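This report is meant for a reader meeting the structure for the first time. It follows one helix, then the cores, and ends with two buried residues.

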Amino acid sequence: MTPRAVFAQAKQAPVLIGWLNGGSRESNGHLFAALKEALAALGRKEGLNVVFEARWADGRSERLQSLAQELAAKRPAVIVAAPGPAVRAAAKAAPKTPIVMASGTDPVAGGLAASLARPGGMVTGVTNILTELTEKFLELLLAAAPKLKRVGFLQDPSALNPDLAKEAALRSVAQHSVEARFAEAASPEEIEPAISRLAKEGAQALVVFASQTFSVERRRIVRLALAYRWPVIAGPGEWADEGALLSYGGDVSANYRRAAYYVDRILKGTRPGDLPIEQPTKFELVINMKTARALKLEIPRDLAVRADRVIE
């Protein structure tokens, strides 16, 4: 490389990468770090050849569209967005900008991609199999607490494709012959009334649907549920760390590290619509034995041996 080329390369401005996340820096900062570390391993180091412009919704989905507009005005080369509502907001605000989803529900059902194998548009990345997870939640919950007859489901109506998760839950409820009670909370302020409503309707346990608002508020949700002595299942593992009896889900940090691959490919010139959208292949079951003891539940051995991690 000639001295002139070296000088020109040194003078080249770093690439701007946008970040739009429905969570908070406190709850999801480790995911932002995972993305940055994976990009650095690919040679794209913060402050050297890439810079980031970040926006956090702090669990308030109603803020996502305005934050996406702010981000689009910065003209990033690519936006990394999660979960589904953030992806949708970014795609609407910056329709000509490549969007890499780092988590979220089915982008095909949400109209963000033509298919997983060939998205065809400006959105690609990693998605979660949320409907299948919802069905698995009840199966695992009943394995841990087989005497349950009435289960509460907490849902965020602002999540992407909320009906898909509810339909999956209803299939699972019918299969296992238990009663279901549903309550919605679209904001942090609505969570406590929703859980109180489930209690009045006789719920004996709680299944928490995927929601960035719920993720930010997971400590409070678990505390409220445990006050009613309910076993709780949600995903991913951070829920069990906060006291939920069970958590089941993919390795979210791995999703964000994988998102770095998509960013790198796009910055090298690959069209996002040509990059297949991936789904996680490994799921982690975590059991909180401290919670089990507090609820006087004896976890069956066959369930315990299936756990990837046990919190003692």
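Two residues are said to be in contact when heavy atoms of theirs lie within 4.5 Å. The model shown here is predicted, and with that in mind one can look at F153, which, not counting residues up to four places away in sequence, touches A169, V173, A180, R181, F182, A183, L198, L206, V207 and F209.

F153 also belongs to the largest nonpolar core, a set of 30 residues in which F153, V207, L246, L285, I287 and I299 have the most contacts inside the core. At least two residues of this core are supplied by each of α5 (130-144), β6 (150-155), α6, β10 (246-250), β11 (283-288) and α12 (289-294), and the largest share, seven residues, comes from α5. There is also a second, separate core of 25 residues, which includes L31, L39, A259 and Y262.

Helix α6, one of the elements that supply the largest core, runs over residues 162-176 and has 15 residues. From its first C-alpha to its last, helix α6 reaches 22 Å, which is close to the 21 Å expected at 1.5 Å a residue. Which residues of α6 are buried? They are A165, A168, A169, S172 and V173, and because they cover an arc of only 140 degrees around the axis, they are on the same side of α6. On the other side of the helix, D163 and A174 are exposed. The residue that follows α6 is S177, whose phi is positive, near 55 degrees.

The table sets out two buried residues, each with its helix, its relative accessibility and its contacts beyond four places in sequence.

| Residue | Helix | Relative accessibility | Contacts |
|---|---|---|---|
| A169 | α6 | 1% | T134, F153, F182 and F209 |
| D264 | α11 (residues 252-267) | 5% | L42 and R44 |

A169 counts as buried because its relative accessibility is 1%, whereas buried means under 20%. Its contact with F153, listed among those of A169, appears again among the residues that F153 touches. A169 can also be placed against a residue further along the chain, since the record of distances covers A227: the two are 58 residues apart along the chain, and their C-alpha atoms are separated by 24 Å.

D264, which lies in helix α11, is likewise buried, with a relative accessible area of 5%, and its contacts, leaving aside neighbours within four places in sequence, are with L42 and R44.

How values were computed
Residues are numbered from 1 along each chain as its sequence is written. This is a predicted model: local features need pLDDT of at least 70, side-chain atom pairs count only at pLDDT 80 or more; totals for chains, interfaces and linings use all residues. Side-chain values use heavy atoms; hydrogens and water are left out. Helices (H or I, at least four residues) and strands (E, at least two) are DSSP runs, numbered from the N terminus. The expected span of a helix is 1.5 Å times one less than its number of residues. Buried means under 20% relative accessible area, exposed over 50%, partly exposed in between (1.4 Å probe, protein chains only). The arc is that of the directions from the helix axis to the C-beta atoms. A nonpolar core is a set of buried Ala, Val, Leu, Ile, Met, Phe, Trp, Tyr and Cys residues joined through side-chain atoms within 4.5 Å.
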